[in-house]
Amino acid sequence: MKFATKLIHSGAEPDPSTGAIMTPIYQTSTYVQAAPGKNKGYEYARSQNPTRKALEEAVAAIENGKYGLCFSSGVAATDAVIKLLQPGDEVIAGNDMYGGTYRLFTKLFEKFGIIFHFVDMQDTKNVQSHVNRNTRLIWAETPTNPLMNIVDIAAVAAIARQNKALVCVDNTFASPYLQNPLDLGADIVLHSATKYLGGHSDTIHGCLIINDVDLREKLYFIQKSSGAVPGPMDCFLVLRGIKTLHVRMERHCENGEKIAHFLRTHPKVGKVFWCGFEDHPSHAIAKKQMRGFGGMLSFTLSDTSMEAAMKVLTSTKIFALAESLGGVESLINHPATMTHASIPREERMRNGLSDSLIRLSVGIEDSEDLVEDLKQAID
Ligand SMILES: *Cc1c(COP(=O)(O)O)cnc(C)c1O
């Protein structure tokens, strides 16, 4: 089955009791049993819910995976992956990543004895040089947030395989429309479905997709034991969002490209970070593993002061100043003080995340209006 058809039909069976074409919101905490243990596969809603099950099947199908598991947020899904580990286990992760993931790793899991190495994963040699016999997990986010660097998933997966470590790819920015990490050798794919999968800025949700049945069992055990499960209404919203992912992503990519080129030629703009430029340092890898370049980009101003950035951030009329991304509406964000404020300044600067960096989540409005809006804010 082709991608667009999978988006609309995976996990979606007409409701057996009424024929309802949309999966009902099974708003229940428990299920009646005929005799103890004699039930229809549903006992208690932390462990199983039919709306969640439909979504878990859908996300598995669209990532070319066998199993999906849904969580109450992207961060809860990340938390479940790290709970596979033991004290003393080591993780190699990128040095340019979602701020909340960095916070979870360093502020919560380091104190339980998990060791994290943050390296520039654009060069896979840096991954290789940090591997040792305690390495259990390689965590890759690509494109990275907010600098749009690209990690070669197949190369990282090969290093992991040699060392019997797992690879988890946070595929939130690309979405399955642009990239399928399981096909490239990853063991786990993570999405903050809050972003492109949901697509309408109306729910917080996360999911994991896996192929290995043992890994699925371990993660399911963590899901039901830790209990960070999504409610059925949120599952419904993501199921609904997924049905138009391809149509939205096509426009996100088109608009992203137009805005990247507009910014690049603007005299007051410094550097534009977008992996679709042929001179982007990892454009070749982006072209190899992705089917397009998406709607996320960031840029600096030639005036590198915080004030200059603040003026642009507060002058747009269509781009809304807000955290998050991947919705139909365009957003503008200041990583240094918003999404990435939990990363210490020296660490940020070292990784190239400067005070004047501005991140855009380009929505699916008319691209001419978006360009005009940026033009009047930058001029
Ligand atoms: C938003 C985001 C997360 C966290 O997801 P939540 O749904 O906000 O918990 C993780 N990774 C990336 C790349 C994100 O953008």
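**Note on a predicted two-domain model**

1. A good place to begin reading this predicted model is a single pair of residues, for I332 stands opposite L360, the latter belonging to strand 12. The two strands concerned are strand 11, residues 331–333, and strand 12, residues 358–361, which run antiparallel and are joined by three bridges. As background for a newcomer, strands of a sheet pair through backbone hydrogen bonds, and the pairing may be parallel or antiparallel.

2. Strands 11 and 12 belong to an open sheet of five strands, whose order is 8-9-12-11-10 and whose pairing is mixed. Which strands stand at the edges of this sheet? They are strand 8 (269–273) and strand 10 (320–321), and because each has a single partner strand, one side of each is left without a neighbour in the sheet.

3. Turning to the whole chain, one finds it divided into domain 1, which covers 3–242, and domain 2, which covers 246–378. The C-alpha centres of these two domains lie 26 Å apart, and the contact between them takes 41 residues from domain 1 and 43 residues from domain 2.

4. The area hidden by this contact deserves a careful look, since domain 1 and domain 2 bury about 3400 Å² between them, with 58% of it on carbon and sulfur atoms. Which residues of domain 1 lose the most area to domain 2? They are Y177, L178 and Y196, which together account for 22% of what the domain 1 side buries.

5. Polar and charged links also cross the interface, where 18 residue pairs are found in polar contact between domain 1 and domain 2. On the domain 1 side, the elements that give two or more residues to the surface touching domain 2 are helix 1 (3–9), helix 4 (99–109), helix 7 (175–178) and helix 9 (232–242). Sorted by class, that side of domain 1 has 23 nonpolar, 15 polar and three charged residues.

6. How many salt bridges are found across the interface of domain 1 and domain 2? There is one. In the model, the side chains of D152 and K288 meet in a salt bridge, with a distance of 3.2 Å from N to O. In general, side chains of opposite charge can pair when their charged atoms come close.

7. A search of the whole structure finds 13 salt bridges, and a helix offers a clear example for study. E56 forms a salt bridge with R52, and the closest N and O atoms of this pair are 3.5 Å apart. Both residues, E56 and R52, lie in helix 2 (residues 50–62), where they are four residues apart, or about one turn of the helix.

8. Some backbone details should be checked by eye, bearing in mind that most residues other than glycine have a negative phi and that most peptide bonds are trans. The peptide bond from T142 to P143 is cis, with omega near -5°, and a cis peptide bond also joins N145 and P146, with omega about 10°. P143 is found in the loop between strand 4 (135–141) and helix 6 (153–162), and P146 is likewise found in the loop between strand 4 and helix 6.

9. A further backbone point concerns S201, which is not a glycine and yet has a positive phi of about 50°. S201 is placed in the loop between strand 6 (188–192) and strand 7 (206–210).

Note on methods: Residues numbered from 1 in each chain as written. Predicted model: local features only at pLDDT ≥ 70, side-chain atom pairs only at ≥ 80, totals over all residues. Heavy atoms only, no water. Domains from an automatic or database assignment. Contact = heavy atoms within 4.5 Å. Buried area = accessible area lost by both parts, 1.4 Å probe. Salt bridge = Lys/Arg side-chain N within 4 Å of Asp/Glu carboxyl O. Polar contact = N/O pair within 3.5 Å; in protein donor to acceptor, adjacent residues only side chain to side chain. Nonpolar A, V, L, I, M, F, W, Y, C, P; charged D, E, K, R; others polar. Pairing = 2+ DSSP bridges.
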